[in-house]
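Hi,

Here is the structure I promised to send over. Have a look at it first, then read my notes below.

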Amino acid sequence: MKYMMFVVTSLEPDTEVDDSDVDLWVDPLDAAGKRIIGEVLAPQADSTVVKVRGGKVLTTRGPFVETAEVICGFDILEVDSLDEAIEIASRHPMARNGQLELRPFMVWPDAEPAAGA
C-alpha cells in the first residue's frame, strides 16, 4: 500500500520545539524501502494556485487562504498496512512538533497490477 504522508506545521511556533535529526528517521526507512521519496516544500508564500474559470486560466501567487497550519513537506511510504504507516509516522519528529496526515493512494478497480506485485 502506498501512502502520501503530509508533514503539517502550525504557523505559530511551538513552545517546546523538538529538533531531532530527521535523518535518524529517514535513513532506516530509505534502506528498508519503506520511504520512496520525501521533500521539504518551499514556504507557502512561494505557492501558486491555478484554476480555470469561464475558459480562462487564473493564478494566485502566495498564500490564498487564511490558515493556522500549512503543509511543509511530504513523504511517500510503501507499507503493508495502515498500522505500519501509523507506526512510521509516529516516529517522525513532526509527530511531536506538528502533525502528520496519512492519505492512501487511490486503488482503481481496473488498474493493471504493479510490476513485482
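The secondary structure comes to three helices and six strands. If you walk along the sequence, you get the pattern β-α-β-β-β-β-α-α-β. Keep in mind that this is a predicted model.

Next, how the chain folds back on itself. Take the contacts between residues at least 6 apart in sequence: 75% of them join residues at least 24 apart.

Now for the inside. Of the 117 residues in the chain, 23% are buried. The largest nonpolar core has 13 residues, and Met5, Trp25, Leu77, Val79, Ala85, Ile88 and Leu100 are the ones with the most contacts inside it. Strand 1 (2-10), helix 1 (23-32) and helix 2 (82-90) each supply at least two residues of this core. Try finding Ala85 in the viewer: which residues is Ala85 in contact with, leaving aside its neighbours within four places in sequence? They are Tyr3, Leu77, Val79 and Leu102.

And the outside? The accessible surface of the chain comes to about 8400 Å², and carbon and sulfur atoms account for 57% of that. There is also a nonpolar patch on the surface, formed by Val50, Val52 and Val57, with about 290 Å² of accessible area together. Val50 sits in strand 3 (residues 48-53). Is Val50 buried or exposed? Val50 counts as exposed because its relative accessible area is 57%, and the cut-off for exposed is over 50%.

Cheers

Conventions: Residues are numbered from 1 along each chain as its sequence is written. This is a predicted model: local features need pLDDT of at least 70, side-chain atom pairs count only at pLDDT 80 or more; totals for chains, interfaces and linings use all residues. Side-chain values use heavy atoms; hydrogens and water are left out. A nonpolar core is a set of buried Ala, Val, Leu, Ile, Met, Phe, Trp, Tyr and Cys residues joined through side-chain atoms within 4.5 Å. Buried means under 20% relative accessible area, exposed over 50%, partly exposed in between (1.4 Å probe, protein chains only). Helices (H or I, at least four residues) and strands (E, at least two) are DSSP runs, numbered from the N terminus. Contact means heavy atoms within 4.5 Å. Accessible areas come from the Shrake-Rupley method with a 1.4 Å probe; for residues, only the protein chains shown count as cover. Patches are made of residues with over 30% relative accessible area and no salt bridge: like charges are joined within 9 Å, nonpolar side chains (Val, Leu, Ile, Met, Phe, Trp, Tyr) within 5 Å. A salt bridge is a side-chain nitrogen of Lys or Arg within 4 Å of a carboxyl oxygen of Asp or Glu.
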